[in-house]
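Got the viewer open? Let's take a walk through this model, one selection at a time.

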Amino acid sequence: MHRGDLADLTAFVAVADELNFRAAATRVGVTPSALSHAMRHLEQRLGIRLLHRTTRSVALTDSGRRLLERLRPAIAQITGALEDLDQERSRPFGRLRIHASAGAAAAVIAPVWDSFLATYPDVHLEIGVDEGPVDVVGEGFDAAIGIRDQAAADMVAVRVTSPMQVAVVGAPSYFARRSLPRTPDDLALHSCVQYRWGDSMFAWSFQRKGKTRRISVRGPVTVNSSALAVRAAIDGLGIVYTIEARVEPFVQSGQLVRVLEDWSPSYEGYFLYYPGRRQVPAALRALIDMIRIGRDPRNAKPAIEDPFAKMTKRDRKGR
């Protein structure tokens, strides 16, 4: 198909509908002479006459009628597809794919997804949960949520949480066998739940009085899930380095004990990042706006209830 064929075929449908070059030209937004010229060129390219025309009237040839019968549904589908795209620019619609770690999804998406989907029922929200790095474009995601360092240099990064505090924790049953660490160097004498991010082992960073330490820890188990790391700590397998908000319910219930608190740093928190600044999907713009509204303390939801909080001592011993 030549580059101009689609426009000429659309114009042909307008002429066939109106049977008047002036009315058809107004419909497609060109002059009558330009439309007449386009029809002559279309017939020349196809090698067949589509229209009978005189100074008084226009009529379809038999070939023109057959072509019109085939074209009309196709042109209607194309027009409908373009109209749908036009509507998408103004209202959220279609599938929105977001990549996030389990912690980021729980902290950023879960507090707003009920309101978001109720407000925008034409959006299908798909959350891909994975703790490792992601190629947002290559894997077909609209955006990802993680720390700022995970975003490529040419991506737009939008803050979606406040800065977060780190917590180092272990179970009372673990510390019943080991002394509490007083400094990061003491971790060399402890079993630590190691965390793998992508191809690398995560090093634990500490900060105190302006000094920063990075410690490579050792332990009997390695995970790539923050939720599983916390579970390993609760089960007494070792000490875990994680986000304060993630373990706060377990510290309050007595299932975990916090250590090295005066060494625990804070970090920037989570960012939502996506490629390019132009033509941002309406659904993604709407999600970002709703996340920002959700960050307002007046709209904040209470933390998800600790699922272990109501367990009796006998239940915990029987796990």
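Start with helix α2 and pick R22 and T26: these exposed residues sit on the face of α2 turned away from its buried side. Keep in mind as you go that this is a predicted model.

Now flip α2 over. Running over residues 21–28, this helix has F21, A24 and A25 as its buried residues. They span an arc of only 100° around the axis, so they end up on the same side of α2. To see what covers them, show α1 (5–18), α3 (32–46), β1 (51–53) and β2 (58–60), which are among the covering elements.

Next stop, the largest nonpolar core. Select L96, I145, L272, Y274 and L284, the residues with the most contacts inside this 29-residue core. Then colour β3 (94–100), α5 (102–109), β4 (123–129), β5 (143–146), β6 (155–159), β16 (271–275) and α10 (282–295), each of which supplies at least two of the core residues. The biggest contributor is α10, with 7 residues.

Zoom in on L96. Setting aside its neighbours within four places in sequence, L96 is in contact with F116, V123, H124, L125, E126, D142, A283, L284 and L287. Apart from the largest core lies another one, of 21 residues, including A11, V15, A38 and L60.

Finish at the second largest pocket, which holds about 970 Å³ of space. Select I147, F202, Y241, I243 and Y267: of the 38 lining residues, these lie nearest the pocket's centre. Strand β13 (residues 240–243) provides the largest share of the lining, 4 residues. Colour the lining by character and you get 18 nonpolar, 13 polar and 7 charged residues.

Conventions: Residues numbered from 1 in each chain as written. Predicted model: local features only at pLDDT ≥ 70, side-chain atom pairs only at ≥ 80, totals over all residues. Heavy atoms only, no water. Core = buried A, V, L, I, M, F, W, Y, C linked by side-chain atoms within 4.5 Å. Buried < 20%, exposed > 50% of the residue type's maximum accessible area, 1.4 Å probe, protein only. Contact = heavy atoms within 4.5 Å. 1 Å grid on protein atoms, 1.4 Å probe; cavity = no way out; pocket = protein on both sides within 12 Å on 5 of 7 lines; lining within 4 Å. Points joined across faces, edges and corners; volume = space filled by probe spheres on them. Nonpolar A, V, L, I, M, F, W, Y, C, P; charged D, E, K, R; others polar. Arc of directions from axis to C-beta.
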